[in-house]
Amino acid sequence: MRFMMIVKATTDSEAGVLPSQQLIDAMQKYNEELVKAGVLLAADGLHASANAVRISYPEPGSKPKVVDGPFTEAKELIAGYTLIEVKSREEAIEWALRMPDPHGFGQGEIELRQVFDFENLTEDPNARAKDEEIRKQVEELKKA
Amino acid sequence: MRISETHRTIDTIWRMESAKLIAGLTRMVRDVGLAEDLAQDALVIALDRWPESGIPDKPGAWLMTTAKRKAIDLLRRNKLQDQKYVEIAREINTYTEDDVERNLDGEIGDDLLRLIFMTCHPVLSQDARVALTLRLLCGLTTDEIARSFLIAEPTVAQRIVRAKRTLNKEKVPFEVPVGKELEERLGTVLEVIYLMFNEGYSATSGQDWTRPVLCREALRLGRVLAEISPEEPEVHGLVALMELQSSRLRTRNNAQGEPVLLMDQNRAQWDHLLIRRGLAALERAQRLGRTLGPYGLQASISACHATAYTPEDTNWIRIAALYEALSRQMPSPIVELNRAVAISRAFGPAYGLQLVDALSSEPALKEYHLLPSVRGDFLEKLGRLEEAAAAFEQAAELTRNEKEQALLRKRAAACREKGERT
């Protein structure tokens, strides 16, 4: 299953202040760990919302409203994401806990969200039950 | 944290750390079975203590230190009777806490690599290699392994016990082979991973076309291997092949669970992230500057499909050439059959049919359902519908996959219907 670790923006990331070398090193080490464990799919940092565009649909059915950045409320914005593929929700949480504090001055926040994917459709309890059923049949065939 | 929650977390940490632990411990005690026991002893202690004390900051290092202490206890209890244990004890005592930390950090890749060369060692049967690798490197339980291969759990357990015993008896060293041997042994490692992947990708019997657990484990192991053995083009070739094939997992079946052929799949639904990763892995393989091996070539073929926006955009001439290169490196009637398909697409079904008919006397393909299935396809395109229907029916007789069988019967019926109308 896939999870996205979303790193929230802070006043610093929105002001375009680059993270300290120490944090960059820690993040790099963390990403290497993810790669070595075979779980990293993608990771990117985003520019500040100053050059962002927001498209909204305040009136359904009519033209969208286009607003240029920057946007206020840093906590509602995203500064980057890391996409991982893991075996369980617990593993995703464990990896998220190992990520260094992304900003280090009290505003660091990581949000962990599960991505809809193929396995949600195939690893449901019904499929498992069916698997179990097939296995029993095969074993009986072997005995016969 | 509630106890059950802590236990789930410990279970997760075990899955994340067990391969590294077992690898590090095997280096110390030179016995993979003993290493696994020690790692599990450490887990039992964690299960007892962590619910109260909380989970330590570096759980991997904690487990390693605990397992190491267990190893020393065990050796003391055995009164160091055995010369082998005397040596081990001396070696373990030279490890300090710092070593454990460093070991988990820097050298762990080397230990993991040694471990995978051990679990895929040629003294073991293919089944044993796969089971032991899933168990020790992927951290799967015997039950999970049994479920993925549709076999009984005791069979898997026995297979694993015997494999560990064989490794011990044959004194298989914990090392990465060098020189010429490396190439051969790497071949067996990649074979185990690809076998695992294929078993997951296309179950040979039963109603399920795919078993995602095995695909996922194989892919993850391949990605790990690419990091710890980055100089080997075939490792990247295999990773590229698995990433690219996985990108089509969700389009291989329709809503009714029936298989959908590559050319009929909805390309918009392919996993473009995996395609990008596959192409990047292939580029890494190519950048190493050596001739692409069988995995690299198969990945290149898969990449031709992945980069074609529509089925009509497929570069069949390039695919035919790649199959020819592949058949030179790895001569096999199955590769020839695939080459026939590519040739048919590139130059017309009449040319493909010539190649397929040449293969019909091939004993290795006598029971292989894809031969009549491909032949049926060529015949259908050439308008020889009666013969095509017969070929599809023959193919349906030969396959054990129920869904594939249904698809082939449907094609045969369609040919007959079309034949009657004209």
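This passage describes a predicted model with two chains, A and B.

Confidence comes first. The model scores ipTM 0.79 and pTM 0.83. In chain A, the mean pLDDT is 84. A pLDDT of 70 or more is reached by 81% of the residues of chain A. Chain B has a mean pLDDT of 87, and 90% of its residues reach 70 or more. Within each chain, confidence varies from element to element. Strand E6 of chain A (residues 110-115) has the highest mean among the elements of that chain, 96. Helix H4 of chain A (residues 118-122) has the lowest, 49. Over residues 119-125 of chain A, pLDDT stays under 50. For this stretch of chain A, the model has 5 contacts beyond four places in sequence. In chain B, helix H13 (residues 294-306) is highest, at a mean of 97. Helix H4 of chain B (residues 83-93) is lowest, at 61.

Chain A mixes helices and strands. It has 5 helices and 6 strands. Along the sequence, their order is β-α-α-β-β-β-β-α-β-α-α. Chain A has 144 residues, of which 17% count as buried. Contacts between residues at least 6 apart in sequence were also examined in chain A. Of these, 72% join residues at least 24 apart.

Chain B is built from helices. It has 19 helices and 0 strands. Its C-alpha atoms fill a box of roughly 85 × 50 × 35 Å along the principal axes. Of the 422 residues in chain B, 45% are buried. Among contacts in chain B between residues at least 6 apart in sequence, 61% join residues at least 24 apart.

The domain assignment of chain B gives two entries: domain 1 (1-109) and domain 2 (120-200 + 208-228). Their contact takes 13 residues from domain 1 of chain B and 9 residues from domain 2 of chain B. On the domain 1 side, helix H1 (3-29) and helix H2 (32-53) of chain B each give two or more residues. H1(B) supplies the largest share of that side, 7 residues. By class, the domain 1 side has 4 nonpolar, 4 polar and 5 charged residues.

A UniProt annotation also falls in chain B. An unreviewed entry places the feature "domain: RNA polymerase sigma factor 70 region 4 type" at residues 115-167 of chain B. Over these residues of chain B, the chain is 74% helix and 0% strand. The end C-alpha atoms of the stretch are 12 Å apart.

One residue of chain B gives a local view. B:Thr155 is in helix H8 of chain B (residues 153-169). It has 17 other C-beta atoms within 10 Å. A residue counts as buried at 20 or more and as exposed at 12 or fewer. B:Thr155 is therefore partly exposed. B:Thr142 lies 13 residues from B:Thr155 in sequence. The C-alpha atoms of B:Thr142 and B:Thr155 are 9.1 Å apart in space.

Helix H10 of chain B (residues 212-228) offers a check on helix geometry. At 1.5 Å a residue, its 17 residues should span 24 Å. The end C-alpha atoms of H10(B) are 24 Å apart, so the model agrees with the expected span. H10(B) is also mostly covered, with 15 of its 17 residues buried.

How values were computed: Residues are numbered from 1 along each chain as its sequence is written. Chains are lettered from A and ligands numbered from 1 in the order in which they are written. This is a predicted model: local features need pLDDT of at least 70, side-chain atom pairs count only at pLDDT 80 or more; totals for chains, interfaces and linings use all residues. Helices (H or I, at least four residues) and strands (E, at least two) are DSSP runs, numbered from the N terminus. The expected span of a helix is 1.5 Å times one less than its number of residues. Two residues are in contact if their C-beta atoms, placed from the backbone, lie within 7 Å. UniProt positions are given in the numbering used here, feature names are shortened, and annotations may be inferred rather than shown by experiment. Domain bounds come from an automatic or database domain assignment. Ala, Val, Leu, Ile, Met, Phe, Trp, Tyr, Cys and Pro count as nonpolar, Asp, Glu, Lys and Arg as charged, and the others, Gly among them, as polar. pLDDT is the predictor's confidence in each residue, from 0 to 100.
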